[in-house]
Amino acid sequence: MELSLLFLPLRPLTSHLVCLAVSVVLFLIVKLQRRGRWRPRECPVDLNGKTAIVTGANTGIGRYIAQDLAQRNARVILACRSLERGGRAEREIRRRTGNNNVHLRILDTSSMESVRKFVEQIKKEEKRLDILVNNAAGSGLKETITSEGLGLSIATNHLGPFLLTNLLLDLMKCSQSARIVNVSSMNHKKGKIDIRHFKGENLPRFQVAAMYNNTKLMNMLFTRELCNRLHHTGVTVNAVHPGVVMTEILRDYNLLLRIIFNLIGIFFFKSSEEGAVSTIYCAVSKEMEGVSGKYIDSDCSVTLPSPTAQDQALAKKLWDISESLTGLDKRTTGESS
Ligand SMILES: NC(=O)c1ccc[n+]([C@@H]2O[C@H](COP(=O)([O-])OP(=O)(O)OC[C@H]3O[C@@H](n4cnc5c(N)ncnc54)[C@H](OP(=O)(O)O)[C@@H]3O)[C@@H](O)[C@H]2O)c1
């Protein structure tokens, strides 16, 4: 009998082992590549005495950003729209970090009225604001018109954060140096600005992520123009891409898309904790001290945004429209009249 025939039953086993080994190697490569070059745990910055606001802090990336800041002893305001979900995050972050100076305040970024109420409360309670993270956003939202006459995606992802930031600037200028981080996305590269979208007109059909991409471009243009306006104030502003991250971001997409995303995600996407890293880098690291107007990639490196995101005239135009639609040009303070 030929010797090789003796090994025949082993062949399927060998090929399974080879498959397993290749999978493990691939998995390790992906994992190593996801780690990035900056690690929050190796950064000793302590935020004792400082105050931070994180929007959308009850889940996903925002939840881990807030937790990291609390771990560094900051006073952390979780700006969330749900009392129940926000309350759960507040308890969980306090328990995990031992920092009881973590507080939920209600904010719905899609409502300019809610933004104003939130700021009114913050201005009564806080004497300073050192870090503002504009993280809250929705993707694939049903494009309804809000009761204030605004397109839902733009209101939630751009106009709300725009108004919030502007109304909080006075408080931020009280701090010796303060940082604003706008959580954008590499998807801004696919975004377009169409003025009609602001009122929910001429909306793209059958492109489920189109409005999301447009608002992420707005985050970039907002960062650019705000940076110009903040010269010599001690307040910096940067935009980040967190990476492709397994979160609840697709909650408004259809079931099939969610299943596919989650299946691929198990192997290839970042965890929420990993997705929080580039934002934490901008918010606390020594490397980002005094740095403003930059776009930081998911591996914490400064990178160039799309040419449209660098269009200064477009950034100014978007600012003017946003100012007028949010009423910022008429009422400049957070106090209700
Ligand atoms: N995941 C990714 O792959 C990815 C990639 C690039 C950029 N990003 C950006 O990362 C940021 C965080 O997203 P995520 O992936 O962590 O998503 P997520 O898990 O869906 O979390 C989004 C957070 O925003 C809050 N939010 C949504 N609409 C709001 C509103 N109108 N008012 C107040 N809060 C609101 C949500 O609150 P509720 O729980 O109450 O809904 C939730 O806390 C977003 O800016 C997103 O664009 C994510």
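This is a conversation between a colleague and a modeller about how terms are applied to one predicted model.

Colleague: What makes a local feature count in this model?

Modeller: The model is predicted, and local features need pLDDT of at least 70, side-chain atom pairs count only at pLDDT 80 or more, and totals for chains, interfaces and linings use all residues. Residues are numbered from 1 along each chain as its sequence is written.

Colleague: Why is Ser-111 called buried?

Modeller: A residue is buried if 20 or more other C-beta atoms lie within 10 Å of its own, exposed if 12 or fewer, and partly exposed in between, with C-beta atoms placed from the backbone. Ser-111 has 20 other C-beta atoms within 10 Å, so Ser-111 is buried. Ser-111 sits in the loop between E3 and H5. Its C-alpha is 9.7 Å from that of Thr-326, although Ser-111 and Thr-326 are 215 residues apart in sequence.

Colleague: What makes Met-246 and Tyr-253 partly exposed?

Modeller: Met-246 has 19 C-beta neighbours inside 10 Å, so Met-246 counts as partly exposed. Tyr-253 has 15 C-beta neighbours inside 10 Å and therefore also counts as partly exposed. Met-246 lies in the loop between E6 and H8, and the place of Tyr-253 is in the loop between strand E6 (235-240) and helix H8 (255-268). From C-alpha to C-alpha, Tyr-253 is 5.9 Å from Gly-140, with their positions 113 residues apart in sequence. Met-246 and Phe-268 are 22 residues apart in sequence and 9.3 Å apart in space, again C-alpha to C-alpha.

Colleague: How do you know which strands pair?

Modeller: Two strands pair if DSSP finds at least two bridges between them. Helices (H or I, at least four residues) and strands (E, at least two) are themselves DSSP runs, numbered from the N terminus. E6 and strand E7 (residues 295-296) have two bridges and pair in the parallel sense, with Ala-239 opposite Tyr-295 in E7. E5 and E6 run parallel and are joined by six bridges; there, the bridge partner of Arg-179 is Thr-236. Strand E4 (residues 131-134) and strand E5 (residues 178-183) are parallel too, over four bridges.

Colleague: What makes E3 an edge strand?

Modeller: The open sheet has eight strands in the order E3-E2-E1-E4-E5-E6-E7-E8, with mixed pairing. E3 and strand E8 (302-303) each pair on one side only, and these are the edge strands.

Colleague: Why is the crossover from E2 to E3 called right-handed or left-handed?

Modeller: Strand E2 (residues 75-80) and strand E3 (residues 102-106) pair in the parallel sense over five bridges. The chain passes from E2 through helix H4 (residues 83-97) to E3, and this β-α-β crossover is right-handed. The word applies if, with the strands pointing away from the viewer, the path from the first strand over the helix to the second runs clockwise.

Colleague: What makes E6 mostly covered?

Modeller: Six of its six residues are buried. Val-235, Val-237 and Ala-239 are on one side of E6, and Thr-236, Asn-238 and Val-240 are on the other.

Colleague: How do you know that the span of H7 agrees with the expected value?

Modeller: The expected span of a helix is 1.5 Å times one less than its number of residues. Helix H7 (residues 210-229) has 20 residues and should span 28 Å; its end C-alpha atoms are 29 Å apart, which agrees.

Colleague: What makes H7 largely enclosed and H8 largely open?

Modeller: In H7, 17 of the 20 residues are buried, so H7 is largely enclosed by the rest of the structure. In H8, the number buried is zero of 14, so H8 lies largely in the open.

Colleague: How do you know that the buried residues of H5 line one face?

Modeller: The buried residues of H5 are Met-112, Val-115, Arg-116, Phe-118, Val-119 and Ile-122. Seen down the axis of H5, they fall within an arc of 160°, so they line one face of the helix. The arc is that of the directions from the helix axis to the C-beta atoms. On the other side of H5, Glu-113, Lys-124 and Glu-125 are exposed.
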